[in-house]
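Trainee: Could you take me through one strand of this model closely, and then show me how it fits into its surroundings? I'd like to go step by step.

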Amino acid sequence: MATAPPVTQQIVRNQQGTPKPQVNVHLSDIEDCLVRDRYGNRIGFRRLYQEKKSIIVFVKNFLCYTCKEYVEDLAKIPMKSLLSADVRLIVIGQSSHCHIEPFCALTRYPHEIYVDPERKIYTRLGMRRGEMFAESASQCPHVRSSMLQGTISSLWRAMISPAFDFQGDPLQQGGAIIAGPGSEVHFAHFDMNRLDHMPINWLLQLAGVETVDFSDQPKIIHV
C-alpha cells in the first residue's frame, strides 16, 4: 500500500508574532530536482536532507541587500553548534553558480551553499514571485540598511560585478524549510517580500540548534 507524501504547513507570523498555518508543502514535488555547487557540479536536492536534519534557506537573489545582510548573520552561526545538533545549514540562491564564491567572500558565509538557476525548486514549492506587503509580514530583524541605502548598494555591486546581471530573478521571493532526515518536513515559511525573512533564532530553535546573539552591542563583563 503506497504511503502518502509528507506534508507540512507553512507557519506565518502575525503582528503579535504568533504562528498560524497557511499553506501545505509537499516535499515529494522537489525531490528529483537538481542544484549546482560552486564548481557547477549537479547535486540531487534530496541529498541535502536525506541523511540528517537540514535548515535550508532560499534567498531572493545574491544581489539583494536584504539577502546579503541575512546571510551575513547566518555566517555567525558557529559550525560547532551545527555539529553538536547534527544539523546542516544550507543556503540556496537562484543565480549562476559563478556568483557563489564572490557572495561567500562578501558575506563571510562558511557553510553549505548551492544554486537553482532554473528556479525549479522555487517554482514547484510555490514560492512567491513579486512582493506582497501585509499585516502578517513583519520586517526581518537581520536587515540593517534602509531601502534607499540597500538599493544603492545592490546597484553598485551589480555594476562592479564581472557579469553585470541581477544574480537571479529580481521578482523571486525566498523562504526556508527544515527537513530531514528522510522525507520528513518539520517547518516551512515562504517570504512575502524582501523583508519577510524568518528570524534566524526561530529556525535554530525549531531545528534544535543553540541560538546566537546577533546583537552588535558591545558586551559588558562584570568583574
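Mentor: Happy to! Let's start with a word we will need: a residue counts as buried when its relative accessible area is under 20%. Keep in mind, too, that this is a predicted model. The part I have picked is strand E8, residues 175-179.

Look at its side chains to begin with. In a regular strand, side chains alternate between the two faces of the sheet. In E8, Gly175, Ile177 and Ala179 point one way, while Ala176 and Ile178 point the other way. Both sets are buried, and the strand is mostly covered, with five of its five residues buried. For comparison, buried residues make up 49% of the 223 residues in the chain.

What lies beside E8? On the one hand, E5 pairs with E8 in the antiparallel sense, over five bridges. One pair to find on your screen is Ser54 opposite Ala179 in E8. On the other hand, E8 and E9 also run antiparallel, and five bridges join them. Here you can look for Gly175, whose bridge partner in E9 is Phe190.

Now follow the chain from E8 into E9. The two strands form a hairpin, with five residues between them. Gly180, in the turn, has a positive phi of about 90 degrees. The peptide bond that joins Gly180 and Pro181 is cis, with omega at about -5 degrees, and Pro181 sits in the loop between E8 and E9. This stands out because most peptide bonds are trans.

Next, step back to the packing around the strand. E8 is among the elements that give two or more residues to the largest nonpolar core, together with strands E5, E6 and E7 and helices H1, H3 and H6. That core has 32 residues, and Ile55, Val57, Leu74, Ile77, Tyr109, Ile113 and Leu203 touch the most other members. Tyr109 is a nice one to click on: leaving aside residues up to four places away in sequence, it touches Val71, Leu74, Ala75, Leu89, Ile90, Val91 and Cys104. There is also a second, separate core of 23 residues, which includes Val25, Leu27, Val185 and Phe190. Phe190 is the residue you met a moment ago as the partner of Gly175.

Two of the helices that share the first core with E8, H1 and H3, also meet each other. Their axes come within 9 Å and cross at roughly 65 degrees, in a right-handed crossing. Cys67, Lys68, Val71 and Glu72 in H1 meet Phe103, Leu106 and Thr107 in H3. By class, this contact has four nonpolar, one polar and two charged residues.

Just past H3, in the loop that leads to E7, you will find Arg108. Arg108 has a positive phi of about 60 degrees although it is not a glycine, and at 72% relative accessibility it counts as exposed. Most residues other than glycine have a negative phi.

To close, here is the whole chain: six helices and nine strands. Of the contacts with a separation of 6 or more, 71% are between residues 24 or more positions apart. Your strand gives a good example of pairing across the sequence, with Ser54 standing opposite Ala179.

Terms used:
Residues numbered from 1 in each chain as written. Predicted model: local features only at pLDDT ≥ 70, side-chain atom pairs only at ≥ 80, totals over all residues. Heavy atoms only, no water. Axes fitted to C-alpha atoms, helices over the stretch in contact; angles between N-to-C directions. Helix = DSSP H or I, 4+ residues; strand = E, 2+ residues; numbered from the N terminus. Left-handed = near helix turned anticlockwise from the far one by under 90°. Contact = heavy atoms within 4.5 Å. Nonpolar A, V, L, I, M, F, W, Y, C, P; charged D, E, K, R; others polar. Core = buried A, V, L, I, M, F, W, Y, C linked by side-chain atoms within 4.5 Å. Buried < 20%, exposed > 50% of the residue type's maximum accessible area, 1.4 Å probe, protein only. Pairing = 2+ DSSP bridges.
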